[in-house]
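Open the model in your viewer and keep the sequence panel visible. The stops below go from the whole chain to single elements.

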Amino acid sequence: MDITPVSSFNSLPLARRLGGLALLLALAQPAMAVNVVYDGSCANAPDRLAVANAVARATTWSNDAYNLVNNNEQALRNNPPSPYLTWFGTFEQGRYQRVRSVLDGVRFKLSSNSTLTAYCRANPAVPCNNPGYVAATNARVRGDFDVWFCNAFFALPANVGFDTQAGSVLHEMTHSIGNTEDIPGGYGPANAANLATNTPARAVDNADNYEFFVEQLYD
Ligand SMILES: [Zn+2]
């Protein structure tokens, strides 16, 4: 089993409001969403609510982020100051298509009839009370999938700033469907931004870069 544990550090100071592209609002669509099923470890109602809200918001975020990227290819070619430039670096066709594909996979999976089985404050591979571990999932899974939410997940802000509950779900989904990695030295906003600036080919493979991209759109 290929467990991909997520480490999350506190947000580092970083100028977040870099201006840029207007967020295109997704059109209202018929409610089709992944089915969330709770393991017995999620007996606490507040835990279930936090997971449900994070999954729902990640669904909206991934749709909006995909549309933003997909609808602005021409504009992004000019490298305007934007969240895309910050988190994925200067425009290059292959990297752009990678980003679009990952976001497309995440939004598709979160809008599918697949079942997400949630485990709360439990993880088979890592000490789940370690503040560094937020959540985990198996990489490269088709169809139904499992997500483990560790103690640190429930201490994160729901959806404001970097390192949020909703962003953590999106991060995990990029592992599950987009085959992203947690690149050593790429954790946290400052490191992830450095990847985008200096090694953008790695930034588009790093799950945190997707998370921060989407979180910045909603700051
Ligand atoms: Zn990860």
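**Whole chain**

Begin with everything selected: of the 219 residues in the chain, 42% count as buried. The model is a predicted one. Colour by secondary structure, and nine helices and five strands appear. From one end of the sequence to the other, they follow the pattern β-β-α-α-α-α-β-β-β-α-α-α-α-α. Among contacts between residues at least 6 apart in sequence, 75% join residues at least 24 apart.

**Strands β2, β3 and β5**

Select residues 35–38, which are strand β2, and residues 115–120, which are strand β3. These two pair in the parallel sense over four bridges. Within this pair, valine 37 stands opposite threonine 117 of β3.

Now add residues 145–149, strand β5. Which residue of β5 stands opposite threonine 117? It is aspartate 146. The pairing of β3 with β5 is also parallel, and it runs over five bridges.

**Helix α4**

Move to residues 93–110, helix α4. With 18 residues at 1.5 Å a residue, α4 should span 26 Å, and its end C-alpha atoms are 26 Å apart, so the two values agree.

Show the side chains of Val99, Val102, Leu103, Val106, Arg107, Lys109 and Leu110: these are the buried residues of α4. An α-helix has 3.6 residues a turn, so residues three or four places apart point the same way. The buried residues of α4 pack against α1 (45–70), α3 (83–88), α6 (165–178) and α9 (207–217).

**Where α1 meets α4**

Keep α4 and add α1. How far apart are the axes of α1 and α4 where they pack? The axes are 8 Å apart, and the helices pack at an angle of about 145°. The crossing of α1 past α4 is left-handed. On the α1 side, select Ala58, Thr59, Ser62, Asn63, Ala65, Tyr66, Val69 and Asn70. On the α4 side, the contact is made by Val99, Arg100, Leu103, Asp104, Val106, Arg107 and Leu110. Sorted by class, this contact has eight nonpolar, four polar and three charged residues.

**Helix α9**

Last, select residues 207–217, helix α9. Is this helix mostly covered or mostly uncovered? Mostly covered: 10 of the 11 residues of α9 are buried. Among them are the charged residues Asp208, Glu211 and Glu215, as well as Tyr210, Phe212 and Phe213. To see what covers the buried residues of α9, turn on α1, α3, α4, α6, α7 (188–198) and α8 (200–203), which are included in that cover.

Technical notes: Residues numbered from 1 in each chain as written. Predicted model: local features only at pLDDT ≥ 70, side-chain atom pairs only at ≥ 80, totals over all residues. Pairing = 2+ DSSP bridges. Expected span 1.5 Å × (residues − 1). Buried ≥ 20, exposed ≤ 12 C-beta atoms within 10 Å, placed from the backbone. Contact = placed C-beta atoms within 7 Å. Axes fitted to C-alpha atoms, helices over the stretch in contact; angles between N-to-C directions. Left-handed = near helix turned anticlockwise from the far one by under 90°.
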